[in-house]
Amino acid sequence: MSLLKSTERESLLKPVLSHGWAMTKGRDAIEKEYVFEDFNNAFGFMTRVAMQAEKMDHHPEWFNVYNKVSITLSTHDCQGLSQRDITLATFCDKVYQSKK
């Protein structure tokens, strides 16, 4: 797994950032907070993301309090952003949209 190149950052990262993801201060990572109606919906979202992350062998850093889920994505193998982060971020957004 390799870091996103400059051209890939422009073409792959820009759409993710336009959907509410933000660069994490002080590291090569992206982050986003999702807000749900209640804990049950938040936990259901986390379960779906966890199953996909396991299939990808790419696990998010995340934090949950009641109806909020905060996710940070970075690829530890290459110490920064990779295609895996873009893929998982896009998956998270699709799952979130399906819950609305």
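This is a short look at K32 and the strand around it in a predicted model. Local features need pLDDT of at least 70, side-chain atom pairs count only at pLDDT 80 or more, and totals for chains, interfaces and linings use all residues. Residues are numbered from 1 along each chain as its sequence is written, and side-chain values use heavy atoms, with hydrogens and water left out.

K32 sits in strand 2, residues 30–35; strands here are DSSP E runs of at least two residues, numbered from the N terminus. K32 has 14% relative accessibility, so it counts as buried (under 20% relative accessible area, with exposed over 50% and partly exposed in between, 1.4 Å probe, protein chains only).

What does the side chain of K32 reach at 2.6 Å? That's the backbone oxygen of H19. Leaving aside residues up to four places away in sequence, K32 touches H19, G20, W21, V69, S70, I71 and D93, where contact means heavy atoms within 4.5 Å.

Zooming out, strand 2 alternates: I30, K32 and Y34 point to one face and are buried, while E31, E33 and V35 point to the other and aren't.

Strand 2 also has pairing partners, and two strands pair if DSSP finds at least two bridges between them.

| Strand joined to strand 2 | Bridges | Direction | A bridge pair |
|---|---|---|---|
| Strand 1 (residues 22–23) | Two bridges | antiparallel | A22 with E31 |
| Strand 4 (residues 68–73) | Six bridges | antiparallel | V69 with Y34 |

The hairpin of strand 1 and strand 2 has six residues between the strands, and G26 takes a positive phi near 85° there.

Terms used. Helices (H or I, at least four residues) and strands (E, at least two) are DSSP runs, numbered from the N terminus. A polar contact is a pair of N or O atoms within 3.5 Å; within protein, one must be able to donate a hydrogen and the other to accept it, and residues adjacent in sequence count only if both atoms are side-chain atoms.
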